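Reader: Got a minute to go through this one with me? I'd like to start with how a pair of helices packs.
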Amino acid sequence: MKIRFWGVRGSIPAPGPETNRYGGNTSCVSVTTATGGLIIIDMGTGLMHLGNSLMAGAFGKGAGRASILLSHTHWDHIQGLGFFAPVFISGNQFTVWGPGPYGSAGMLEEILEGQMDPNFSPLQSLKNFSAVFDVRAVEPGTAFEAEGLRVTARAHPHGATTALAFRIEEHGRSFVYASDVGQPVPDAPPPADAIAFYRDADVLLHDTTYRPSDQETRRNRGFSTYEDAAAVAAAAKVKRLVTFHYDQDYTDDDVDQLVAACRATLDAHGGADIEIVPAREGDELEI
Amino acid sequence: MKVRFWGVRGSIPVPGRATNRYGGNTSCVEVRPKNAPPIIIDAGTGLRRLGKSLMEEAFGEGKGKASILISHTHWDHVQGLPFFSPLYRAGNEVDIFARQRDLHLEAVFSAQNRAPYFPVPLTAMEAEMRFHELIEGARFEIGNAKVSCTRLNHPWIAIAYRVDVDGASVVYCSDTAPFTDVLLGEKFVHRAPSLDEPLPADVAAELATMRAGVIALAKDADLLIYDTQFSKAEYRQRPHWGHSHPDDAIAIAREAGAKILCLFHHAPLRSDDENDQILATYRDVVTAQHEKFDLISAYEGLEITLGDA
């Protein structure tokens, strides 16, 4: 599978020359399967640019289909939806898998509908999409199929709520997406069930919103530091660690330092053989 | 007064190299009367940086006051609010003004800032927030500033504001379609209407009244900030989206007798070079037509001093 980063920023888009290298769009990652299937993870502002690029192919003709995996419904993970050109083309089909309150797909759809409320969006309703937009609730722990690939999900602590992490498998290779995760207890060892979920992943994309010094005042926000990410990556013996969901106030130079510090932490904690890949808008990664 | 642009983009923020010079943040303009608290127009993502800069002043000590005039609550005009640092400091006072809706204004903003969309509810923001509902045509004062407003032609309805203070005036007119082809309001318009058929008389009359209201609001304004998201050709494809183009803005500025016309609410995918080109093209138009106003284009960081500074 081929992974591409369309948005790597957390919380709110951060335009400006100081974010040119890593990018200022919020979370959106695409996974292209070996057979050409498309899985999209999260619908931050990066989704607009992914959508525009898709319009040159089958999606522009109303013959496209994709699965969308949604970690949670905070604004920075759904804001791109109303600007995703393929949903306005009749014939395209999307299956959206996300966290339904009480396991209810209807309630998840209602949350997405709330984003299109006329007070906030000129679209006024999901009903004004032309594409098929089929919303389904993920049951954490139960595998489902997206574009022919096996996907499992796990609910992670994220501040006062939870966010889903996804593990996608293809021919024995695996990609784990774990953004917006934050362990509530400082300096606690990585939780055993998270380690089990990430175990031996070829690529673990993990939340690295903060530096440890930020986390002292922001733990309740439900994000990880690069130390948290390095510790769990080493414990799970993953092959590659992708840093992701950078704080909106971090400049490119800040992210450079964060990545270097993460590298050093891996080296010092038994993860020297783990390759570190900083997520940058436009970059691709092949598994 | 000083007018400073913190976000000049429409629809959605657009980070990236192509927007470095004009800026990728959505609508936010700071009007700063002489020796008085800021009057902020719209709370797009530009508000985040404005908030940071305000924290260097009285807001950092919990002694700041600000007013925010909201044109309408579409996402690109309110997204910065939960990232406005002064709201998280007890003692600060923020007055928010917007058009009256069926739903109470505070309820609209609460819906933006709550689970499952945002982790921090309005009630957890420690500053004193007061909501003021406006009906178009309302006139009120903020300190020495006189504020007035009028209705615009936009889906779900937006309003334009005029601020008069320090012997000068600024008018903020975003988001609006021209007042010629389609009447936009609370009803969803699914498809682009035909632009070549005459409008029903009642619709034409309502649009003409709206246009007269805008011209009256902008009468002799020192600075007229106007929605020019579209080119004329783009507008013809999407007249129901509620945005205008430079030719229409020029006609409004001329009839109102504005002194400076500022192109604003740039399309998200418009690059800096394209924005340069649009400005150059329309400066030629303004010269050829012997218009009496100056034409500028808004960019992040642009600051204009008007009247007593």
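Reader: Which residues in helix 5 of chain A meet helix 6 of chain A?
Author: This is a predicted model, to say that up front. From helix 5 of chain A you have A:Tyr226, A:Glu227, A:Ala229, A:Ala230, A:Ala233 and A:Ala234. Facing them in helix 6 of chain A are A:Leu258, A:Ala261, A:Cys262, A:Thr265 and A:Leu266.
Reader: And how do the residues of that contact divide into nonpolar, polar and charged?
Author: Nine are nonpolar, one is polar and one is charged.
Reader: What's the angle, and how far apart are the axes?
Author: Helix 5 (residues 226–236) and helix 6 (residues 252–268) of chain A pack at about 35°, and their axes are 9 Å apart.
Reader: Left-handed or right-handed crossing?
Author: Right-handed, as helix 5 of chain A passes helix 6 of chain A.
Reader: OK, A:Ile195 next. Where is it found?
Author: A:Ile195 sits in helix 3 of chain A, which covers residues 192–198.
Reader: Why is A:Ile195 classed as partly exposed?
Author: Because 18 other C-beta atoms lie within 10 Å of A:Ile195, and a residue needs 20 or more to be buried but 12 or fewer to be exposed.
Reader: What is A:Ile195 in contact with, leaving aside neighbours within four places in sequence?
Author: A:Pro190, A:Val232, A:Ala235 and A:Ala236. A:Val232, A:Ala235 and A:Ala236 are among those contacts, and helix 5 of chain A spans residues 226–236.
Reader: Switching to chain B. What's the strand order in the open sheet?
Author: The order is 7-8-9-10-11-12-13, seven strands with mixed pairing.
Reader: Which strands stand at the edges?
Author: Strand 7 (139–142) and strand 13 (294–297) of chain B. Each has a single partner strand, so one side of each is left without a neighbour in the sheet. Neighbouring strands are turned by 20° against each other on average, ignoring direction.
Reader: How does strand 7 of chain B pair with strand 8, parallel or antiparallel?
Author: Antiparallel, over four bridges, with strand 8 being residues 145–151 of chain B. B:Phe140 stands opposite B:Val147 there.
Reader: Which strands does helix 3 of chain B touch?
Author: Helix 3 (residues 201–217) of chain B packs on the sheet and touches strands 8, 9 and 10 of chain B. Its direction makes about 160° with that of strand 8 of chain B. Helix 6 (residues 272–288) of chain B also packs on the sheet, touching strands 12 and 13 of chain B.
Reader: Last thing: how many residues of chain A are in contact with chain B?
Author: 28 residues of chain A, in contact with 32 of chain B. The chain A side has 13 nonpolar, 14 polar and one charged.

Definitions and conventions: Residues are numbered from 1 along each chain as its sequence is written. Chains are lettered from A and ligands numbered from 1 in the order in which they are written. This is a predicted model: local features need pLDDT of at least 70, side-chain atom pairs count only at pLDDT 80 or more; totals for chains, interfaces and linings use all residues. Two residues are in contact if their C-beta atoms, placed from the backbone, lie within 7 Å. Ala, Val, Leu, Ile, Met, Phe, Trp, Tyr, Cys and Pro count as nonpolar, Asp, Glu, Lys and Arg as charged, and the others, Gly among them, as polar. Axes are lines fitted to C-alpha atoms, for helices over the stretch in contact, and angles run from 0 to 180 degrees between N-to-C directions. Helices (H or I, at least four residues) and strands (E, at least two) are DSSP runs, numbered from the N terminus. A crossing is left-handed if the near helix is turned anticlockwise from the far one by less than a right angle, and right-handed if clockwise. Two strands pair if DSSP finds at least two bridges between them.
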